[in-house]
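Please examine the sequence and the structure shown below before reading on. The paragraphs that follow lead from the strands to a helix and then to the surface.

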Amino acid sequence: MKIYQKKTVQRLPISVSEAWDFLSNPGNLKTITPDYMGFKILDGHEPKMYAGQIIKYIVTPVFGIPTGWVTEITHVVDQEYFVDEQRFGPYALWHHKHFIKEIPGGVEMIDIVDYKLPFGLLGRIAHPLLVKGKLNEIFEYRYNKLIELFGNYKEQ
């Protein structure tokens, strides 16, 4: 069983509360997801996140094929971190931790995604050919979009 991990770190020149208000609102996911992903929330996009919240959406990650995805917000510590876990969707495992902490002149955000692909050996073959690059592309888009929205962090 191969479990992969994707970790990103980003600093932005905004307050913890501004970062939290944006990142913990599921309605903002579409803003930081590439258009070609066809991201659409179907249900569960209440503006205040809470543990136990179920979010249902559609994405088209590969070859334009719509895929249903259901995540549950399993942990929330206000203005510090939250965790979303896939309940149904394209991965055999998806566990995404979002951390936010204050730093001089802004915030540091750390995303850690632990994920496993379905289909055993076929999934492991698809990882370097398709999945890893797609995830890197999506997180790079998010990184750049957050800079566009909130500005570039300058070291203090």
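In which sense do β6 and β7 pair, and over how many bridges? In this predicted model, the two strands are antiparallel and are joined over 11 bridges. They form a hairpin with 2 residues between them, and glycine 105, in the turn, takes a positive phi of about 85°. Within this pairing, lysine 101 stands opposite glutamate 108 of β7.

Strand β7 also pairs with β1: the two run antiparallel and are joined by 9 bridges. One point of reference in this pairing is threonine 8, whose bridge partner in β7 is aspartate 111. Strand β7 is mostly covered, with 9 of its 11 residues buried.

Glutamate 108 deserves attention in this setting. With a relative accessibility of 8%, glutamate 108 counts as buried, because the limit for that class is under 20%. Side chains of opposite charge can pair when their charged atoms come close. Glutamate 108 forms a salt bridge with arginine 11, and the closest N and O atoms are 3.1 Å apart. Because glutamate 108 belongs to strand β7 and arginine 11 to strand β1, the pair ties together parts that are 97 residues apart in sequence. Arginine 11, for its part, is partly exposed, at a relative accessible area of 32%.

The whole structure holds 7 salt bridges. Another of these pairs is found in helix α2, where the side chains of lysine 145 and glutamate 148 meet at 3.1 Å, N to O. The two residues are 3 apart in this helix and are therefore separated by about one helical turn. Lysine 145 counts as buried at 18% relative accessibility, whereas glutamate 148 is exposed, with a relative accessible area of 59%. Salt bridges that share partners also join Arg11, Lys101, Glu108 and Glu155 into one network.

Helix α2 covers residues 120-150. Its buried residues include Gly123, His127, Val131, Leu135, Ile138 and Phe139. Against which elements do the buried residues of α2 pack? They pack against β1 (4-12), α1 (16-23), β6 (93-103) and β7 (106-116). The helix bends by about 65° at histidine 127, and proline 128 follows within four residues. Just after α2, glycine 151 takes a positive phi of about 95°.

The next region to consider is around strand β4, which spans residues 67-77 and contains glutamate 72. Leaving aside residues up to four places away in sequence, glutamate 72 touches Gly52, Gln53, Ile54, Val83, Asp84, Glu85 and Arg87. Two of these contacts, Glu85 and Arg87, also form a salt bridge with each other, in which the closest N and O atoms are 3.4 Å apart. Glutamate 85 is buried, with a relative accessible area of 18%, while arginine 87 is partly exposed, at 36%. As a measure of distance to helix α2, the C-alpha atoms of glutamate 72 and arginine 142 are separated by 21 Å, and the two residues are 70 residues apart along the chain.

Two loop residues have a positive phi without being glycine. Glutamine 79 has a positive phi of about 65° and is placed in the loop between β4 and β5 (81-88). At 31% relative accessibility, glutamine 79 counts as partly exposed. Phenylalanine 119 lies in the loop between β7 and α2, and its phi is near 75°. Phenylalanine 119 is exposed, with a relative accessible area of 69%.

Which residues make the nonpolar surface patch of about 970 Å²? Phenylalanine 119 is one of them, together with Phe63, Ile65, Leu121, Leu122, Ile125, Leu129 and Leu130. Isoleucine 125 is located in helix α2 and is partly exposed, at 42% relative accessibility. Helix α2 thus contributes to the surface patch through isoleucine 125, while other residues of α2, among them Leu146 and Phe150, are buried.

Notes:
Residues are numbered from 1 along each chain as its sequence is written. This is a predicted model: local features need pLDDT of at least 70, side-chain atom pairs count only at pLDDT 80 or more; totals for chains, interfaces and linings use all residues. Side-chain values use heavy atoms; hydrogens and water are left out. Patches are made of residues with over 30% relative accessible area and no salt bridge: like charges are joined within 9 Å, nonpolar side chains (Val, Leu, Ile, Met, Phe, Trp, Tyr) within 5 Å. Accessible areas come from the Shrake-Rupley method with a 1.4 Å probe; for residues, only the protein chains shown count as cover. A salt bridge is a side-chain nitrogen of Lys or Arg within 4 Å of a carboxyl oxygen of Asp or Glu. Buried means under 20% relative accessible area, exposed over 50%, partly exposed in between (1.4 Å probe, protein chains only). Contact means heavy atoms within 4.5 Å. The bend at a residue is the angle between axes fitted to the seven residues ending there and the seven starting there. Two strands pair if DSSP finds at least two bridges between them.
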